[in-house]
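Let's take a friendly walk through this model, from its overall layout to the surroundings of its ligands. Have the sequence and the 3D view open as you read.

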Amino acid sequence: MIEQINNLLPQTQCGQCGFKGCRPYAEAIAAGDADINQCPPGGDEGILALAQLLNVSPKLLNPAFGEHKPKSIAFIIEKDCIGCTKCIAACPVDAILGAAKFMHTVITAECTGCELCIAPCPVDCVVMQPLPDALSEAEKTARAQLAKQRYEARNLRKQQEEAENAERAKQKRAALLNKLKSAG
Ligand code: SF4
Ligand code: SF4
Ligand code: SF4
């Protein structure tokens, strides 16, 4: 059921629903901990699809979670970018390329329009721009699938990094303890 719910969500990974991405929101809906009308990017169309899947009455989007807007993508004003990498750290689908002290750029085809890279930018050089052309249903599905894969891959990588860091810290503590024991 979680997978079926997740497949109906737009995969923008913006967190406006109050959860850290579409899958955690899908899990909360399946557990009865969240309502079906908390996803602004999905809008009324998404709510209707969820209501049909779950066999419940559709509702209007709850404005407390935001409003439905036309899809847009991020654009970096490269001449102003100072290469701080903060936007890369914020992007839930790894759609930004760049390295420390070098200008950054958004991979347009991979940007979900989540807007999470705007606030961390210290020089306000990330702006949202409307998608030049309306997406067909097939294009919307393909973009959502790509975003889902990239979000999952990023989460996996972050989990691995955390596990590696924890292991390194453990080894450091053990080495320090051994040193203290042999000194004492
Ligand atoms: S698109 Fe944003 S608001 Fe909608 S489910 Fe995904 S993370 Fe939540
Ligand atoms: S580039 Fe910005 S708007 Fe686009 S997906 Fe990444 S964080 Fe979201
Ligand atoms: S947060 Fe802004 S200044 Fe920093 S790398 Fe990203 S676009 Fe450039």
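## Domains and ligand shells

The domain assignment of the chain gives domain 1 (2–65) and domain 2 (70–159); such bounds come from an automatic or database domain assignment. Between domain 1 and domain 2, the C-alpha centres are 22 Å apart. Their contact takes 6 residues from domain 1 and 11 residues from domain 2, where two residues are in contact if their C-beta atoms, placed from the backbone, lie within 7 Å. On the side of domain 1 that touches domain 2 there are 2 nonpolar, 4 polar and no charged residues.

A word on how to read this: the model is predicted, local features need pLDDT of at least 70, side-chain atom pairs count only at pLDDT 80 or more, and totals for chains, interfaces and linings use all residues. Residues are numbered from 1 along each chain as its sequence is written, while chains are lettered from A and ligands numbered from 1 in the order in which they are written.

Now to the ligands. A residue counts as near a molecule if its C-beta atom, placed from the backbone, lies within 6 Å of it. For the classes, Ala, Val, Leu, Ile, Met, Phe, Trp, Tyr, Cys and Pro are nonpolar, Asp, Glu, Lys and Arg are charged, and the others, Gly among them, are polar.

| Ligand | Residues around it | Closest residues | Classes in the shell |
|---|---|---|---|
| ligand 1 | 16 residues | T12, C14, C17, C22 and C39 | 10 nonpolar, 6 polar, no charged |
| ligand 2 | 14 residues | A74, C91, C111, C114 and C117 | 11 nonpolar, 2 polar, 1 charged |
| ligand 3 | 15 residues | C81, C84, K86, C87 and C121 | 10 nonpolar, 4 polar, 1 charged |
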